[in-house]
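Hi,

Here is the structure I promised to pass on. Have a look at it first, and my notes are just below.

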Amino acid sequence: MTYVFDTSPLSQLFRAYYRSRFPTLWEEFDELVRQERVTSTREVGREIDRGPIKELIEWKRRHPHLFPPPTAAEGNFVRRIFEVTHFQANIGKKTLLRGGTNADPFVVAHAGVFHRTVVTMEKSEPGGAKIGNICSHFDIACMSLEEFMTAEGWRF
């Protein structure tokens, strides 16, 4: 299985699973990165750069290939997402006014185009416009960080 990581699970990894305390977890994760089974999007990279986690920012800079710009097919998929009026709520007015980033549709589009599984910490809400809701609408696999670790058979 290959995965597209949203900003939230990467942030959680770097906040809660210190390399010095969880070396085996990081060996496993680094191996998935080497095997190109973990990827993300340029927009997630931009959110990371604006975030407070210095170790994650440095890690991202060492792995720029994990944060590619969207392809034309991905751009087309993002358009399809926002053709669903309900999902237009995914972009908040405050985000737009502040010139902020919104990686969510690009994460879903990347997974949809390349047949990968989304990993996010966002919880789907009934009638919501979260990543899980969008994935469900487009029949794209979506899981939490813990579910990702379970799917990989990790136990520490």
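Leaving out residues up to four places away in sequence, Asp-104 touches Asp-6, Asn-90, Glu-122 and Ile-131. Before you read too much into that, keep in mind that this is a predicted model. Asp-104 sits in helix α7, which covers residues 104-114. Is Asp-104 buried or exposed? Its relative accessible area is 10%, and the cut-off for buried is under 20%, so Asp-104 counts as buried. There is also a C-alpha pair to look at here: Asp-104 and Lys-130 are 26 residues apart along the chain, and their C-alpha atoms are separated by 8.0 Å.

The other acidic residue I looked at is Glu-43. You'll find Glu-43 in helix α3, residues 42-50. Glu-43 has a relative accessibility of 6%, so this one counts as buried too. What does the side chain of Glu-43 pair with? There is a polar contact of 3.1 Å between the side chains of Glu-43 and Arg-42. If you again skip residues up to four places away in sequence, Glu-43 touches Pro-70, Ala-103 and Phe-106.

Now for the whole chain. How many helices and strands does the protein have? I get nine helices and four strands. Reading from the N terminus, the order is β-α-α-β-α-α-α-α-α-β-α-β-α.

On overall dimensions, the C-alpha atoms fill a box of roughly 45 × 30 × 30 Å along the principal axes. The radius of gyration is 15 Å, and that agrees with a compact globule, because one with 156 residues would come out near 15 Å.

As for packing, 44% of the 156 residues count as buried. Take the contacts with a separation of 6 or more: 74% of them are between residues 24 or more positions apart.

Last, the surface and the charges. The accessible surface comes to about 8,700 Å², and carbon and sulfur atoms account for 51% of that. The protein has 21 positive and 20 negative charges, and the mean positions of the two sets are 6 Å apart.

If you only have a minute, I'd start with the two buried acids, Glu-43 and Asp-104, and go through their contacts in the viewer.

Cheers

Terms used. Residues are numbered from 1 along each chain as its sequence is written. This is a predicted model: local features need pLDDT of at least 70, side-chain atom pairs count only at pLDDT 80 or more; totals for chains, interfaces and linings use all residues. Side-chain values use heavy atoms; hydrogens and water are left out. Helices (H or I, at least four residues) and strands (E, at least two) are DSSP runs, numbered from the N terminus. The radius of gyration is taken over C-alpha atoms; the globule rule is 2.2 Å times the number of residues to the power 0.38. Buried means under 20% relative accessible area, exposed over 50%, partly exposed in between (1.4 Å probe, protein chains only). Contact means heavy atoms within 4.5 Å. Accessible areas come from the Shrake-Rupley method with a 1.4 Å probe; for residues, only the protein chains shown count as cover. Lys and Arg count as positive and Asp and Glu as negative; His and the chain ends are not counted. The place of a charge is taken as NZ of Lys, CZ of Arg, CG of Asp or CD of Glu. A polar contact is a pair of N or O atoms within 3.5 Å; within protein, one must be able to donate a hydrogen and the other to accept it, and residues adjacent in sequence count only if both atoms are side-chain atoms.
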